[in-house]
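Please look over the sequence and the structure before reading on, and keep both in view. The briefing below takes up a few topics in turn.

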Amino acid sequence: MKQQLLTLFEQAIGRLQADQVLPDDLAINPQFERTRQPEHGDFATNLALTLAKPARRNPRELAQLIVDALPADPLIVKVEIAGPGFINLFVADTAQRQVLLDIFDAAENYGLAQPDSGRYILVEFVSANPTGPLHVGHGRGAAYGDALARLLRAAGNRVESEYYVNDAGRQMDILGLSVWLRYLQHTGQQVALPGNAYQGDYVSDMARDLQAQYGEQYILPAEELAKAQSGLEDEAALDALISLAKLELGEDGWRVFFDCALQTILQGIETDLTAFGVDYDTWFSERSLFDSGKINAAIEQLKASGDVYEKGGAWWFRSTAYGDEKDRVVIRDNGQPTYFASDIAYHKDKMDRGFDECINIWGSDHHGYIPRVKASLQALGLQPDQLTVLLVQFAVLYRGGEKVSMSTRSGQFVTLSELCEEVGSDAARFFYIQRKSEQHMDFDLDLAKSQSNENPLYYVQYAHARICSIFRQATERCIALAEPASADLQLLSGEHERTLLTLLQRFGEVIENAARDYEPHQLTYYLRELATAFHAYYNSSKFLDAEPAQRDAILALCQAARQVLANGLSILGVNAPDRM
RNA sequence: GCGCCCGUAGCUCAACUGGAUAGAGCAACGGCCUUCUAAGCCGUAGGUUACAGGUUCAAGUCCUGUCGGGCGCGCCA
């Protein structure tokens, strides 16, 4: 409908230009906005205001000229000039009611753009280190990323979702070591678990399983461990223990602990995410980048172009040449590649897979990392603009009015699966998605858990369930339901009905805007608005007691509202229950 | 110290790429169930959009500065 209006106004502008009223070289970008108040009609445009200066005319005077030049069209029944020069448009009722037919026609596809009509997009999110279960801090990224992927898909893009598995690197080594140390404890060795190792119970559980399976095959006297780390600082001592373990256990023995930890935890993560309604198209392994030689290849390419140079025994990427604050190490002086080296290869790999756009969803604490990744893409001759990094602020948890501090290593956190069990994944998702992602967010666990009835999700779901209930009632009362499309829609002229029709019409625009801005929360607010309008309508009269013709029209509107609520919730990855 | 994000009702948050009188939910107060689900509806109250300047027809939105909060500034990930 906006498009139709735009066309009409372009004609009017063209006519004024032909009459020399307006200069030819105008850059016109008229905006049509839904009005907030009914007195302002259905749409408003600021066209005259923006053109006033280039046309050197008084805005209201110009608005009048535009209105006079506007071609007649049945879509518009009234035009008004208001305020400083807004043009308010009143749309014909028949056009408003057309939306119901559109909804019945498209059903579960209503509001959605043509599939695969847009771009080919990769959305990477969560990608937490597999060193422990996901906690509620990861939940926000999971909910946001998944909803965004669904939203972009709804907007017509071809979308793939991906989890980048950091199955290489020091953190994983520390985890493997932690499992081994716990194993040694279970076998009766007098060894301590350093404070900077992973403390969680899940580590101990894995160790117990391995003890049951391998007995004392992998034990080492406590004295050797003490000797290896004597006189070393905390982190250095940890590294010494890792080296010792790799040496004494051998490749295969070390792998027993390392792989057990990796696989167990990764499986747990996948299970938790599935329960949370998140499924990935791809689980991408960091180690595979080593195995395939892609890391080496990327570094070699950068060496060849002079973007990677040697200094002090290490190899540095010249990111300052591309706007970063300082150069970054890619190969340490001990020959080990840094995490950044993996990331260079990973992002190159993404680009090589042919996506039009790659979206990364990162915790906001990683924002300083963006310039160097973009720099690496540029150095490799790729398009940094094709990478979009969206940041998610960490949620600050509150329990009993007090801040809950969390850390994976200390093992003190509320897990995502606990949250799902206590409030349900629908409510948890909605809770997260409601907030704009870069906005700081307070997550009150007591509120989310104990007072889940206050969660706005139920308000929206209830509207859907209520409509379903109406139709069940109709069946019970043996009311013959007319084909919705055949109802006399002219009977829908009440205030509540007009409000609903306008909202239903807006659905596609909401998806479009939300997808454009990467903001699924816009959809949650829309759904609440739609639910509000429906609840108010519902309370205004008894639908099933109306005259048959009126009743058919009402039920057609209900059916359309139900469809849009279901479609919207589906994009958020939330269920639309038939009864509550 | 430098960089990025943020500051809106008592609390949690919106405000459609600068638009008309800044909106919801929760909390508070007052009403509405013999009739389709009260997880609901109707109403009241609540604001100098942190502060000070600037840009223009128009600023919560853009620019500068101040204050306050978060994060980052590793041969960690």
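Which residue in S12 is the bridge partner of Gly-363? It is Val-392 that stands as the bridge partner of Gly-363 in S12. The model is a predicted one, and the points that follow begin with the strands around this pairing, then turn to the aromatic rings, and end with the surroundings of the RNA.

**Strands S5, S11 and S12**

- Strand S11, made up of residues 357-363, runs parallel to S12, and six bridges join the two.
- Within this pairing, Asn-360 has Val-389 as its bridge partner in S12, while Gly-363 is matched with Val-392.
- S11 also pairs with strand S5 (residues 120-124), again in the parallel sense, over four bridges, and here Glu-124 has Asn-360 as its bridge partner in S11.
- Seven of the seven residues of S11 are buried, so the strand is largely enclosed by the rest of the structure.
- In a regular strand, the side chains alternate between the two faces of the sheet.
- In S11 both of these faces are covered, with Glu-357, Ile-359, Ile-361 and Gly-363 buried on one side, and Cys-358, Asn-360 and Trp-362 buried on the other.
- Strand S12, which spans residues 387-392, is mostly covered as well, since five of its six residues are buried.

**A buried charged residue and a partly exposed polar one**

- Glu-357 belongs to strand S11, and because its relative accessibility is 3%, below the 20% cut-off, it counts as buried.
- The side chain of Glu-357 makes a polar contact with the side chain of Thr-388, at a distance of 2.6 Å.
- Gln-64, by contrast, lies in helix H3 (residues 59-69), and it is partly exposed because its relative accessible area is 37%.
- The C-alpha atom of Gln-64 is separated by 64 Å from that of Val-329, and these two residues are 265 apart along the chain.

**Strands S13, S14 and S15**

- Strand S13 (residues 395-399) is joined to S15 by four bridges, and these two strands run parallel; in this pairing, the bridge partner of Tyr-398 in S15 is Asp-444.
- S13 also pairs with strand S14 (residues 402-404), but in the antiparallel sense and over three bridges, and here Leu-397 stands opposite Val-404 of S14.

**Aromatic rings**

- Across the whole structure, a search finds 25 aromatic pairs.
- One of them is formed by Phe-317 and Phe-340, a tilted pair with 6.0 Å from centre to centre and 55° between the planes.
- This pair links distant parts of the chain, for Phe-317 is in strand S9 and Phe-340 is in helix H12 (residues 339-352), with their positions 23 residues apart in the numbering.
- Both Phe-317 and Phe-340 are buried.
- Ring pairs also link these two residues with Tyr-322, Tyr-339, Trp-362 and Tyr-369 into a cluster.
- Two rings have a charge above them: the charged end of Arg-158 sits over the ring of Tyr-120, 3.9 Å from its centre, and the charged end of Arg-435 sits over the ring of Phe-431, 5.0 Å from its centre.

**The surroundings of RNA strand B**

- RNA strand B is surrounded by 64 residues, of which the closest are Arg-435, Tyr-459, Tyr-462, Ser-469 and Tyr-525.
- Sorted by class, the surface near the RNA has 22 nonpolar, 22 polar and 20 charged residues.
- Several helices and strands each supply at least two residues of this surface, among them strand S1 (32-34), helix H2 (47-55), helix H18 (495-516) and helix H19 (521-540).
- Helix H17 (456-476) is another of these elements, and H17 gives the most to the surface, with eight residues.
- Of the atoms of RNA strand B that lie within 4 Å of the protein, 61% belong to sugar or phosphate, and the rest belong to bases.
- What part of the RNA lies 3.0 Å from a polar side-chain atom of Asn-46? It is a base nitrogen of RNA strand B.
- For Asn-513, an N or O atom in the side chain is 2.9 Å from a sugar or linking oxygen of the strand, whereas for Arg-516 a polar side-chain atom lies 2.7 Å from a phosphate oxygen.

Conventions
Residues numbered from 1 in each chain as written. Chains lettered and ligands numbered in written order. Predicted model: local features only at pLDDT ≥ 70, side-chain atom pairs only at ≥ 80, totals over all residues. Heavy atoms only, no water. Near = heavy atom within 4 Å. Polar contact = N/O pair within 3.5 Å; in protein donor to acceptor, adjacent residues only side chain to side chain. Nonpolar A, V, L, I, M, F, W, Y, C, P; charged D, E, K, R; others polar. Phe/Tyr/Trp six-rings, centres within 6.5 Å; stacked < 30°, edge-to-face > 60°. Buried < 20%, exposed > 50% of the residue type's maximum accessible area, 1.4 Å probe, protein only. Lys NZ or Arg CZ within 6 Å of the ring centre and 35° of its normal. Pairing = 2+ DSSP bridges.
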